[in-house]
Amino acid sequence: MKRVAIYPGSFDPITNGHLDVIERASRLFDEVIVAIAQNLDKHPLFTIPERRLQVEKATSHLKNIVVDDFPGLLVNYALEKKACALIRGLRAVSDFEFEFQMALMNRQMCPEVETLFLMPKDTYSYLSSRIIKEIARLGGDISAFVPEHVRREVMARHAVNS
Ligand code: PNS
């Protein structure tokens, strides 16, 4: 049977750190669904269709990646997709408390789906979508942190908004 994992998140936008985790997960599972959560943030920089396209382009070199979005509870989506695992990236100790709480809550609701933590390459351990958006908004260079097509879209969005 095909082993499917879900890598959920906001991906607003996808970063090189996310991409590193996706590449690691793609080597471990038959299929990895990168699943963008709907209705998380009332003011995302990018719409769900925009984020889906960004992730699709960034992962086009990988054969076993599916990009999707989901409403409601992650565990319900995982059951619907017959996934055996949820993947989360762990960057630093500061991530741990929230991730631990989420993993145990998801396990409480859905014991058959396991949460797996993957550590991104150490050079990406300080990356976050929020910080990248802030740097871009303040005119900094984000080219080392996101794929080139994402960099262009982030910069274009800030040029329009400012
Ligand atoms: O990239 P993020 O913002 O850290 O991702 C958080 C995400 C999307 C994984 C989390 O908020 C989530 O699972 N949302 C779906 C709603 C849900 O299931 N909430 C209960 C989690 S215990």
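What follows is a dialogue on how to read this predicted model, from overall fold to single residues.

Reader: Let's begin with the layout. In what order do the elements of the chain run from the N terminus on?

Author: A good habit is to count the elements and then write them out in order. Here the chain has six helices and five strands. Written from the N terminus on, the elements go β-α-β-α-β-α-β-α-β-α-α.

Reader: And how do I judge how compact the chain is for 162 residues?

Author: Set the radius of gyration against what the globule rule gives. For this chain the radius is 16 Å, close to the rule's 15 Å for 162 residues, so the chain is as compact as a globular protein of that length. Along the principal axes, the C-alpha trace spans about 45 × 30 × 30 Å.

Reader: What share of the 162 residues is buried? And how many of the contacts join residues at least 24 apart?

Author: Buried residues make up 47% of the chain. As for contacts between residues at least 6 apart in sequence, 76% of them join residues at least 24 apart. On the outside, the chain exposes about 9200 Å², with carbon and sulfur atoms supplying 56% of that area.

Reader: Now the interior. Which residues touch the most other members of the largest nonpolar core?

Author: The general idea first: in soluble globular proteins, nonpolar side chains tend to be buried together. In this model the largest nonpolar core has 31 residues, and Ile14 and Ile87 touch the most other members. The elements that give two or more residues to this core are β1 (4–9), α1 (16–28), β2 (31–37), α2 (48–58), β3 (65–70), β4 (85–89), α5 (129–137) and α6 (148–161). Of these, α1 gives the most, with four residues.

Reader: What does Ile14 touch, leaving out residues up to four places away in sequence?

Author: Ile14 touches Leu19, Ile22, Gln54, Val55, Ala58, Val146, Pro147 and Val150, with those sequence neighbors not counted. Apart from the largest core lies another, of 14 residues, among them Tyr77, Ala78, Cys110 and Val113.

Reader: Just before Ile14 sits Pro13. How should I read that one, and is the peptide bond from Asp12 to Pro13 cis or trans?

Author: For a proline, look at omega of the bond leading into it. The bond from Asp12 to Pro13 is cis, with omega near 0°. Pro13 lies in the loop between β1 and α1, and at 0% relative accessibility it counts as buried. Leaving out residues up to four places away in sequence, Pro13 touches His18, Phe46, Gln54, Ser129, Lys133, Val150 and Val154. The C-alpha atoms of Pro13 and Glu50 are 9.1 Å apart, although 37 residues separate the two along the chain.

Reader: Which residues here have a positive phi although they are not glycines?

Author: Phi is a backbone angle, so check the burial of such residues separately, against the cut-offs of under 20% for buried and over 50% for exposed. Phe11 has a positive phi of about 50°, and Lys82 has one of about 55°. Phe11 is in the loop between β1 and α1, and counts as buried at 2% relative accessibility. Lys82 is in the loop between α3 (74–80) and β4, and counts as exposed at 61%.

Reader: Next, the ligand. Which residues come nearest to it?

Author: Start with the surrounding residues, then pick out the polar pairs. Of the 13 residues around the ligand, Gly9, Ser10, Leu73, Leu74 and Arg88 come nearest. A polar side-chain atom of Ser10 is 2.5 Å from a ligand oxygen atom. From Leu74, a backbone N or O atom lies 2.8 Å from an oxygen atom of the ligand. For Arg88, a side-chain N or O atom is 2.9 Å from a ligand oxygen. The protein covers 74% of the 550 Å² of accessible area that the ligand has on its own.

Reader: One last residue: where is Ser128 placed, and what does its side chain reach?

Author: For a polar side chain, check burial and then look for a partner. Ser128 is in the loop between β5 (114–118) and α5. With a relative accessible area of 15%, Ser128 is buried. Its side chain reaches the backbone nitrogen of Ile131 at 3.1 Å. Ser128 also touches Thr15 and Arg91, not counting residues up to four places away in sequence.

Terms used: Residues numbered from 1 in each chain as written. Predicted model: local features only at pLDDT ≥ 70, side-chain atom pairs only at ≥ 80, totals over all residues. Heavy atoms only, no water. Core = buried A, V, L, I, M, F, W, Y, C linked by side-chain atoms within 4.5 Å. Buried < 20%, exposed > 50% of the residue type's maximum accessible area, 1.4 Å probe, protein only. Contact = heavy atoms within 4.5 Å. Near = heavy atom within 4 Å. Polar contact = N/O pair within 3.5 Å; in protein donor to acceptor, adjacent residues only side chain to side chain. Areas by Shrake-Rupley, 256 points an atom, 1.4 Å probe, with all protein chains shown as cover. Rg over C-alpha atoms; globule rule 2.2 N^0.38 Å.
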